[in-house]
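New to this one? Take a moment to look it over, and then we'll walk through a few parts together.

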Amino acid sequence: MTIRRSRDVPALVGAAREGDARAVARLISLVEDGDEALPRIAAALAPHTGEAAVIGLTGSPGVGKSTTTNELVRAFRKAGRRVGVLAVDPSSPFTGGAILGDRVRMQDHATDPGVYIRSMSSRGHLGGLSAATPQAARVLEGAGCDPVVVETVGVGQAEVEIAGLADTTVVLLAPGMGDAIQAAKAGVLEIADIFVVNKADRDGADTTYRDIQGMIGLGERAPGQWRPRVVRCVASRGEGIDELVEAIEAHRAYLTDSGELTARRTRRAEAEIGAIALGALRARMQDLRSGTTLSTLAEEVAAGRSDPYAAAEALLAELR
């Protein structure tokens, strides 16, 4: 059977470990589709995960996330590192389709066997990521990619899911995003380990830089706690990328030395376990919805012979 249609998990993982891009693509496709092989894939990848740096890039539409990602990949490849990229694009609420244009913007690395770029549709998932992104990142890590760079959908003030996935979260800004008050109230800014003021050659860049520095200065931090760095970049010309890589490496050293890396990854694992368990419960709930149990309980509540809490307890008992 060809790799394109294979469900032979050990063979696929072995091929992915050897750098076979088709095997990596097949594994991520199985993950995205929620295939029945997913538990076996996770088990096979587990011994090969837990070491790679996961770097999240997020920011509003148009701030230059894809261009910055492209230049980051170039810098990491120059250092001899194998890089995985997950670029999440928004999907249409009407057709479910997505342009997946981020990979088009990264054609500089299309023929480099040391770079794997996967565009993913958000499939309606909120938070800036796809529901399959955590497991897809695990596939890239298991395939030997270090770092794994996750570029989110263009986000606003509240889509902060990337902070739960990444070891280091980079928030991109650009001149013209608003005044200092707008900067201070934007929830997405509170998750940043590193700020990048991109398009720093434009008018207003100095003001944006000062606003972010001022916001950081207002924050309360315990002694020794990481103070978010602010880096100026003109990613379209590759300017400031070396400084960004240096900031990422400094943050990685802080995470390792302080023990925060283990704490973050434990929280990430808790979230993954919870999401998988909730997914299984939803599937079981759907089975009950398709049967008679839920309908019978609903009829009892509607007729006043029971109440919603008692019905919910009965439903939970059925699930158990």
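Below is a short tour of a sheet, a helix that packs on it, and another helix with its cap.

## The sheet

Keep in mind that this is a predicted model. Let's start with an open sheet of seven strands, which pair in parallel and run in the order 3-2-4-1-5-6-7. At the edges sit strand 3 (115–121) and strand 7 (229–232), each pairing on one side only. On average, neighbouring strands here are turned by 20° against each other, ignoring direction.

As background, strands of a sheet pair through backbone hydrogen bonds, either parallel or antiparallel.

## One edge and the helix on it

Zoom in on strand 7 and its partner, strand 6 (residues 194–197): four bridges join the two in the parallel sense. One bridge links valine 196 to valine 231 in strand 7.

Helix 10 (residues 241–258) packs on the sheet, where it touches strand 1 (54–59), strand 5 (168–173), strand 6 and strand 7. The direction of helix 10 makes about 165° with that of strand 7.

## Helix 13

Now for helix 13, which covers residues 308–319. Its 12 residues reach 16 Å from the first C-alpha to the last, close to the 16 Å expected at 1.5 Å a residue. At the N-terminal end, aspartate 307 acts as a cap, with a side-chain oxygen 2.9 Å from the backbone nitrogen of tyrosine 309.

Which residues of helix 13 are buried? They are Ala311, Leu315 and Leu319. Looking down the axis of helix 13, the buried residues fall within an arc of 85°, so they line one face of the helix. In general, an α-helix has 3.6 residues a turn, so residues three or four places apart point the same way.

How values were computed:
Residues are numbered from 1 along each chain as its sequence is written. This is a predicted model: local features need pLDDT of at least 70, side-chain atom pairs count only at pLDDT 80 or more; totals for chains, interfaces and linings use all residues. Side-chain values use heavy atoms; hydrogens and water are left out. Two strands pair if DSSP finds at least two bridges between them. Axes are lines fitted to C-alpha atoms, for helices over the stretch in contact, and angles run from 0 to 180 degrees between N-to-C directions. Contact means heavy atoms within 4.5 Å. The expected span of a helix is 1.5 Å times one less than its number of residues. Buried means under 20% relative accessible area, exposed over 50%, partly exposed in between (1.4 Å probe, protein chains only). The arc is that of the directions from the helix axis to the C-beta atoms. A polar contact is a pair of N or O atoms within 3.5 Å; within protein, one must be able to donate a hydrogen and the other to accept it, and residues adjacent in sequence count only if both atoms are side-chain atoms.
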